[in-house]
Amino acid sequence: RESSRSTTFYSPKCDHFSPGMSELKVILKELGGKIKAIRKQKRMTQLDLEVSSGVHAGDISKIENGMKNPAATTLIKLAAALEVELNEFYPIKRSEN
């Protein structure tokens, strides 16, 4: 029996996806923005994050700007370097659709 529950990524800024943007682009922009906000809150530069995570600063820039879909291992490295739980990158809202 199929579950009627679905998981969607939730943006605290809006409850819908912008017209003309694919769902993936929106998710990547929100993910990157969250990583960037956490990095800045920790007063780290992209170079600081590169040194502590092993992820190249150029890749960090692309991720933060929503231009790169990072691998799970990359997200784990970034979360560890930023000293946050991985789920802090992905606000998740469950719906009963």
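Me: How many residues does the chain have, and what share of them count as buried?

Reply: In this predicted model, the chain has 97 residues, and 29% of them count as buried. As for the surface that remains, the chain exposes about 6800 Å², of which carbon and sulfur atoms supply 51%.

Me: Which elements does the chain contain, and in what order do they run?

Reply: There are four helices and two strands in the chain, and if you follow them from the N terminus on, the order reads β-α-α-α-α-β. Contacts can then be sorted by how far apart the partners lie in sequence: among contacts in the chain with a separation of 6 or more, 62% are between residues 24 or more positions apart.

Me: What span should helix H1 have, and how far apart are its end C-alpha atoms?

Reply: The reasoning starts from a rise of 1.5 Å a residue, so the 19 residues of H1, which are residues 23-41, should span 27 Å, and this agrees with the model, where the end C-alpha atoms are 27 Å apart.

Me: Which residues in H1 are buried?

Reply: The buried residues in H1 are Val26, Ile27, Leu28, Leu31, Gly32, Ile35, Ile38 and Arg39. Just beyond the helix, H1 is followed by Arg43, which has a positive phi, near 60 degrees.

Me: Where is Lys42 found, and is Lys42 buried or exposed?

Reply: Lys42 is found in the loop between H1 and H2. The relative accessible area of Lys42 is 36%, and because that value lies between the 20% limit for buried and the 50% limit for exposed, Lys42 is partly exposed.

Me: Which residues are in contact with Lys42, once its neighbours within four places in sequence are left aside?

Reply: With those neighbours left aside, Lys42 is in contact with Leu82, Glu83 and Val84. For Leu82, the partner lies 40 residues apart from Lys42 along the chain, yet the C-alpha atoms of the two are separated by 7.5 Å.

Me: What describes two packed helices?

Reply: Two packed helices are described by the angle between their axes together with the distance between the axes. Here, the axes of helix H2, residues 46-53, and helix H4, residues 72-82, come within 9 Å and cross at roughly 105 degrees. H2 and H4 are therefore roughly perpendicular to each other.

Me: Which residues meet where H2 and H4 touch?

Reply: From H2, Leu49, Ser52 and Ser53 meet Lys77, Leu78, Ala81 and Leu82 in H4. By character, the residues of this contact divide into four nonpolar, two polar and one charged.

Conventions
Residues numbered from 1 in each chain as written. Predicted model: local features only at pLDDT ≥ 70, side-chain atom pairs only at ≥ 80, totals over all residues. Heavy atoms only, no water. Buried < 20%, exposed > 50% of the residue type's maximum accessible area, 1.4 Å probe, protein only. Contact = heavy atoms within 4.5 Å. Areas by Shrake-Rupley, 256 points an atom, 1.4 Å probe, with all protein chains shown as cover. Axes fitted to C-alpha atoms, helices over the stretch in contact; angles between N-to-C directions. Parallel < 35°, antiparallel > 145°, perpendicular 65-115°, else oblique. Nonpolar A, V, L, I, M, F, W, Y, C, P; charged D, E, K, R; others polar. Expected span 1.5 Å × (residues − 1).
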